[in-house]
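I opened my notebook to look up a few things in this structure. Here is what I wrote down.

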Amino acid sequence: ADLCAIMEETIKELKLSVEKYQIDLIYNCHQKIPEMMLDKKLTRFIFQNLLSNAINYSQEKGVVRVDIVLKDEEVLIIIADTGLGIPKRQQAEIFKKFFRADNVRVKDAEGTGLGLYLVKSILDSMGAKVWFESEENVGSTFYVSISLSGAKGRKEGKFALKA
């Protein structure tokens with residue numbers, strides 16, 4: 001799979017949200033990212049979730065920056081926003097099932113609290129990593145690290161997404 005192409009498609013899909021919130025979306029993909037052994041549907045799901053969170057929870061006229069870079073023997077995907085941020089007291093809970101930070105629930109009552117849980121579960125099953133840095137009312141930066149060797153095999157049927 002071509003990570004940069006998947007991210008570009010995801011950005012196009014989220015164009016209406018970018019326009020709605022008047023987000024300045026900056027995207028940079030390192031020119032030497034090789035194709036990797038990855039499930040395209042799962043990779044798209046991960047990108048959609050992280051990027052839509054960055055857009056939807058940014059302040060109006062905020063900035064979302066997406067970088068895909070080579071770092072040693074891995075690809076690092078960085079999605080940073082100038083949004084609500086995650087309260088320090090709740091950061092340890094962010095990848096738990098059904099968890100939503102207090103400040104996010106005030107802005108968006110429709111979320112389920114499953115997105116980041118699923119992202120982490122999928123990445124863990126692939127042998128990849130996800131982590132974040134965040135400051136309330138300043139923004140969040142989410143990082144995804146995937147080995148250049150690609151995703152580990154997964155059990156058939158686990159995390160299968162229908163097209």
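Entry 1, a serine in a strand. I checked Ser-145 and found that this residue is buried, with a relative accessible area of 5%. For me, buried means under 20% relative accessible area, exposed means over 50%, and partly exposed is in between, using a 1.4 Å probe and protein chains only. Ser-145 sits in strand β5, residues 139-147. I took helices (H or I, at least four residues) and strands (E, at least two) as DSSP runs, numbered from the N terminus. Leaving out neighbours within four places in sequence, I listed Glu-74, Val-75, Leu-76, Ala-128, Lys-129 and Trp-131 as contacts of Ser-145; contact means heavy atoms within 4.5 Å. The side chains of Ser-145 and Glu-74 share a polar contact of 2.6 Å. A polar contact is a pair of N or O atoms within 3.5 Å; within protein, one must be able to donate a hydrogen and the other to accept it, and residues adjacent in sequence count only if both atoms are side-chain atoms.

A note on what I'm using: this is a predicted model, where local features need pLDDT of at least 70 and side-chain atom pairs count only at pLDDT 80 or more, while totals for chains, interfaces and linings use all residues. Residues are numbered from 1 along each chain as its sequence is written, and side-chain values use heavy atoms, with hydrogens and water left out.

Entry 2, a serine in a helix. Is Ser-52 buried or exposed? Ser-52 counts as buried, at 17% relative accessibility, and lies in helix α3. Its side chain reaches the backbone oxygen of Asn-49 at 3.2 Å. Not counting residues up to four places away in sequence, Ser-52 touches Leu-14 and Phe-47. I also looked at Ser-17, which is 35 residues from Ser-52 in sequence and 8.0 Å away in space, C-alpha to C-alpha.

Entry 3, the helix itself. I counted 17 residues in α3. Asp-39 caps the N-terminal end of α3, with a side-chain oxygen 2.9 Å from the backbone nitrogen of Lys-41. Among the buried residues of α3 I noted Leu-42, Ile-46 and Leu-50.

Entry 4, its partner. In α3, Leu-42, Phe-45, Ile-46, Asn-49, Leu-50 and Asn-53 meet a set of residues in α5 that includes Leu-116, Val-119 and Met-126.

Entry 5, the whole chain. I found five helices and five strands, in the order α-α-β-α-β-β-α-α-β-β. Of the 163 residues, 45% count as buried.

Key. The expected span of a helix is 1.5 Å times one less than its number of residues.
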